[in-house]
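Welcome! Here is a short tour for anyone meeting this structure for the first time. Take a look at it before reading on.

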Amino acid sequence: MSVSPGAGTRLDPWFGSYAARTHGMKASETRALFAVANRPEVVSLAGGMPNIAGLPLEIIAKITADLIATEGTVALQYGNGQGSPILRERTTEVMALEGIAVHPDDVVVTTGSQQALDLVTRIFVDPGDVIVAEAPSYVGALSVFRAYQADVIHVAMDANGLIPEALAETLASCRAAARKVKFLYTVPTYHNPAGVSLTQPRREQVLEICRRAGVLVVEDNPYGLLGFDGRVFPALRSLDSDGVVYLGTFSKTFAPGYRVGWAAAPHAIREKLVLASESAILCPSHASQLSVCAYMDACDWQGQIGQYRALYRERRDAMVGSLAEMMPECSWNVPAGGFYTWVRLPEGIDARTMLPRATTALVAYVSGSAFYADGQGADHMRLSFCYPTPERIHEGIRRLAGVVSKELELVQMFGPEGSTTADDVQVPSPDVL
Ligand code: PMP
């Protein structure tokens, strides 16, 4: 039987059949660059790939083989929709490091914290509802929010993280306009992409403001244990167990390939998350969960986190040292943890239009505009230092400095528009969140 494609197009006969929300989906600016940034000759300061080269692969190979040999028929079977009880127990040990006391019953295991973001949004957000988020915000969260047709309102940050007064004003103006704010989405510690952390007094203030306004807080915390001087902030969830949904992950403290993350939520929300997850995936990968447990049993997982901290600190130093040496016309913060530096470009330079010229010069970054729901942010770029070696970081900044100074010449000659041509706006095609 032939199918009538309805209001299709030549390129996509099914165009007219997609749900309204599908039309709002677009490749993230980072993903669009993937092909280019991944070429070996390109120094990619774009991606957020953890550097897992130092993992004890031989031990992991052995424990994986033992797991399958001894518990294979369990590990390779469907598991529990909420996640394996042993893994949920282990997540509570990780969270305890940030002051969180939570019962394993209130943990839902997810396929990376990315799926937890999807589930939280799915159970709370109707089209047109407001999600309040930092300016800038994690690009992967924005793409989830867009898929559920949420209206994201950004709130300003400074060197101390989200500004409480700005948050209070935003919530008040939403209330005055009778807009439903479903939650505050925040990465309070070693922020992606801004690199800053919410100070301790502000943590209390932000929670108090949200409590008063009756707004749930979604705390996304992949980098909390990756402070370079070993500093661990108290998680928001440790200060408020009723008003915070906490998202954790093994992606940055162990390995992203297992795709194991989790949400710790107040009891009623936890039940809804389990239902939503079961309908999406039945259950998270049992093999992955048991592998993570086996790793935590057999290896010094906290020692591994210490190694990651040292590795990323060295790379952060390479990044900020190279910037100071070669890009004095830009300004940046010196992140105390995490993967990213947030760099302000000189007046008039647009990070989006400069990107094709950067990739031609064999260096890639992510334009700041990827981290806003409303297209602002092109006066910044996110540079990640997690993956390339210090030497490659230095080389990448050398190349980028050349591009920025040429761009500056164009801007000085022709004004901000002078450096832009229609072709330039065609972003070549990276991932990575
Ligand atoms: N949140 C933030 C802030 C992130 O940076 C990332 C990954 N880059 C994620 C969530 C998702 O990580 P995963 O799904 O691997 O746990």
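## The nonpolar cores

Which residues have the most contacts inside the largest nonpolar core? They are M381 and L383, and the core they belong to has 65 residues. Keep in mind as you explore that this is a predicted model.

To get a feel for this core, try starting from M381. Leaving aside residues up to four places away in sequence, M381 touches M327, T341, W342, V343, L345, A351, M354, Y365, V366, G368 and L400. There is also a second core, separate from that one, with 44 residues. A37, V139, V152 and A263 are among its members.

## Around the ligand

Now let's turn to the ligand. It has 14 residues around it, and those that come nearest are S113, D220, Y223, T249 and S251. Sorted by class, this shell holds six polar, five nonpolar and three charged residues. Helix α5, which spans residues 112–124, supplies the largest share of the shell, with three residues.

## Polar contacts and cover

Which side chains place a polar atom 2.6 Å from an oxygen atom of the ligand? Y223 does so, and T249 does too. In the side chain of N192, an N or O atom is 2.9 Å from an oxygen atom of the ligand.

How much of the ligand's accessible area does the protein cover? On its own, the ligand has 400 Å² of accessible area, and the protein covers 95% of that.

Conventions: Residues are numbered from 1 along each chain as its sequence is written. This is a predicted model: local features need pLDDT of at least 70, side-chain atom pairs count only at pLDDT 80 or more; totals for chains, interfaces and linings use all residues. Side-chain values use heavy atoms; hydrogens and water are left out. A nonpolar core is a set of buried Ala, Val, Leu, Ile, Met, Phe, Trp, Tyr and Cys residues joined through side-chain atoms within 4.5 Å. Buried means under 20% relative accessible area, exposed over 50%, partly exposed in between (1.4 Å probe, protein chains only). Contact means heavy atoms within 4.5 Å. A residue is near a molecule or strand if one of its heavy atoms lies within 4 Å of it. A polar contact is a pair of N or O atoms within 3.5 Å; within protein, one must be able to donate a hydrogen and the other to accept it, and residues adjacent in sequence count only if both atoms are side-chain atoms. Accessible areas come from the Shrake-Rupley method with a 1.4 Å probe; for residues, only the protein chains shown count as cover. Helices (H or I, at least four residues) and strands (E, at least two) are DSSP runs, numbered from the N terminus. Ala, Val, Leu, Ile, Met, Phe, Trp, Tyr, Cys and Pro count as nonpolar, Asp, Glu, Lys and Arg as charged, and the others, Gly among them, as polar.
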